[in-house]
Amino acid sequence: MTRRRPELLGLALAAVLVASLGACTAPPAPAPTATAASTQPCENRVGTAVPDGLGPGDIVDSLEITPTDDATYPVGARSWRILYVTTGVDETDLQLVCGTVTAPAAGPAVVDGRARILNWSHGTVGIAQNCLPSSNPAVGLWGPMPGGIGAVAWGADLSKREGDASDGLLQFAIDQGWVVAAADYAPDSTYVVGKTEASAILDAARAATQLVDSTFADAPTKYDAVIWGHSQGGHAALWAGQLFDSYLAATHPSKGAADLTLRGVAALAPASNFITQPGQPGVVAGDGLADWEMHKNIGLDLPVASLQMQIGPALFSYIFGAWDALADERAPAADAAFPAYPLSAGGVQLDTIATAEGAQTVATVKELCLRRSSATAVQTAVEKYGDASANPMVVPEIWNLPAGYRSGEFFPGGLDATCAAPPTEGLATWCAWMLYNLPGPLGSNPFPKVPLSDGQPVPLFLAQGLADDIIHCQPTGGAADQIPDAANCMTRALYDSLEPLYCTDGTSSLTLHGVAAAGIGGVDSPASHFSIPGEIAAKSIASDELVFEGSPLQRFFSEAFDGSVAPGCGMSVENG
């Protein structure tokens, strides 16, 4: 892999903002002209009773999406919204959720009796059903990155880079004959809840095989699978890989489903390292993701108010709202094999962590989508937390207001220190839930700690931009062409925790790519949180090479499916 020292220009922070919130605050793109029914069948049926006799992974209903005026819809493809069965607080809690399936119009390619399925897990868009990808697949599926997986794209305005959908990830998958399954996750109660994300992803794959079987003659009975996602979706992809063997073996659709074999997992800027733990190498209290985000203004010091957001309170609103809703559902059974939260801790209670003001913000934000025009409402709802002294969102131990604080000042939160010695039972429960939902070896849950197939670790690809100020990864000192240490990069901390499980015998593959900032034609194109999906999915970041084929992500997908990923562990910087 070519290494070049990145040029970190003075415009980096401005470009990060344009790349992220610029896309969120722009007017919404018009939806494609489609059959009227294609906006159903999910909204009024998700969360209703599961029909008798069905099991996890059973498809309940499907409706083909037939755009008639959308040049970005993949050529030679058919796409459906699906309603299917998955599980909630444990494996016996059957629920209806929605997702999408896209397949080659002639059916999947089959070689030696096997086809290939690519499972995509979406990033943060909100937790209400109308925010989720199946509710607007023109944006949330075949739209450009990072919201969809169509055209390779990142940024907006002066830093906007966008390839053609005909050269994008989704079109590449269709051209290779792959099936693409995408889960919405369960609305309202799933946000970085690893078990429910994972079950929705794995059951979407099973439902997709049922749909293919009922649609095409000579449908395959065996599939190789690769799971991948970004941000929240990176967290979900890791969890789906960790539960792949055990969940699919323990739960069964009543209609049957094709055999699935996991071949690889790719996680881009995955939500991880929520809280640091005593004795965790390379980090101290305050280095955890929640503490870094808590008082972070991702438009800090820029004079344009429309490009500023208190990102911690926005994301915490989704976490608190979803986890509080999950706790209000029935508790996992005492003998549950797949509980969604620690049985010993019980359910969280919002008033033990949030102030009255914070609880009101949670109630407001959890109904809003974090994309396009509605992101402005989220910004407005959390704007006041820029003055952390006048407007505390959470209890003092976690808010961690320093002496001599000045309005707008950044400082880390106090969750790491609080969770090392929780002062109340209520906070101890929140800490237990956070530790439980960590992906990888640091998680306190009873599940496997790495993605497994037949009990063996599968190739794992991690990538993160080196200008990511959301899932924090930013160099502090040292060479700019090196991946930061664990204290300054969440994904490096995750990699360090995984390395002993992958690299002891040289037979497993674990790779970590950092995408460093680089200039294009004098305009900075930073490797931010929102640009990483496009930059790692581009052949290079040169304006004429924004194509998926030849990219690091494409090479990983293809090699994972082929079983040709070289064993071993390594980290590298990709600068295009």
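Me: Is Asp 164 buried, partly exposed or exposed?
Reply: In this predicted model, Asp 164 lies in the loop between strand 6 (161-162) and helix 3 (169-175). Its relative accessible area is 45%. Buried means under 20% and exposed means over 50%, so with 45% Asp 164 counts as partly exposed.

Me: Which residues form a negative surface patch with Asp 164?
Reply: A residue needs over 30% relative accessible area to belong to a patch, and Asp 164 has 45%. The other members of the negative patch are Asp 167, Asp 175 and Glu 549.

Me: Is Tyr 73 buried or exposed?
Reply: Tyr 73 is found in the loop between strand 1 (59-65) and strand 2 (77-87). Leaving aside neighbours within four places in sequence, Tyr 73 is in contact with Ile 65, Pro 67, Arg 78, Ser 79 and Trp 142. The cut-off for buried is under 20%, and Tyr 73 has 15% relative accessibility, so Tyr 73 is buried.

Me: How many Å separate the C-alpha atoms of Ala 428 and Thr 352?
Reply: Ala 428 sits in helix 12 (residues 425-436) and is partly exposed at 30% relative accessibility. Along the chain, Ala 428 and Thr 352 are 76 residues apart, while the distance between their C-alpha atoms is 9.7 Å.

Me: Which parts of the chain does the salt bridge between Arg 263 and Asp 224 tie together?
Reply: The closest N and O atoms of Arg 263 and Asp 224 are 2.9 Å apart, and a salt bridge requires a distance within 4 Å. The two residues are 39 apart in sequence, so the pair ties together strand 9 (residues 259-268) and strand 8 (residues 222-230).

Me: Which partner in that salt bridge is buried, Arg 263 or Asp 224?
Reply: Arg 263 has 30% relative accessibility and counts as partly exposed. Asp 224 has 7%, and buried means under 20%. The buried partner is therefore Asp 224.

Me: What separation along helix 13 do Asp 496 and Arg 492 have?
Reply: Asp 496 and Arg 492 form a salt bridge, with their closest N and O atoms 2.9 Å apart. Both lie in helix 13 (residues 490-502), 4 residues apart, so their separation is about one helical turn.

Me: Which residues are joined into one network by salt bridges that share partners?
Reply: The count for the model comes to 11 salt bridges. One of them pairs Arg 263 with Asp 224. Salt bridges that share partners make one network of Arg 114, Asp 224 and Arg 263.

Terms used:
Residues numbered from 1 in each chain as written. Predicted model: local features only at pLDDT ≥ 70, side-chain atom pairs only at ≥ 80, totals over all residues. Heavy atoms only, no water. Patch = residues over 30% accessible without salt bridge, like charges linked within 9 Å, V, L, I, M, F, W, Y side chains within 5 Å. Areas by Shrake-Rupley, 256 points an atom, 1.4 Å probe, with all protein chains shown as cover. Salt bridge = Lys/Arg side-chain N within 4 Å of Asp/Glu carboxyl O. Lys, Arg positive; Asp, Glu negative; His and termini not counted. Charge placed at Lys NZ, Arg CZ, Asp CG, Glu CD. Buried < 20%, exposed > 50% of the residue type's maximum accessible area, 1.4 Å probe, protein only. Contact = heavy atoms within 4.5 Å.
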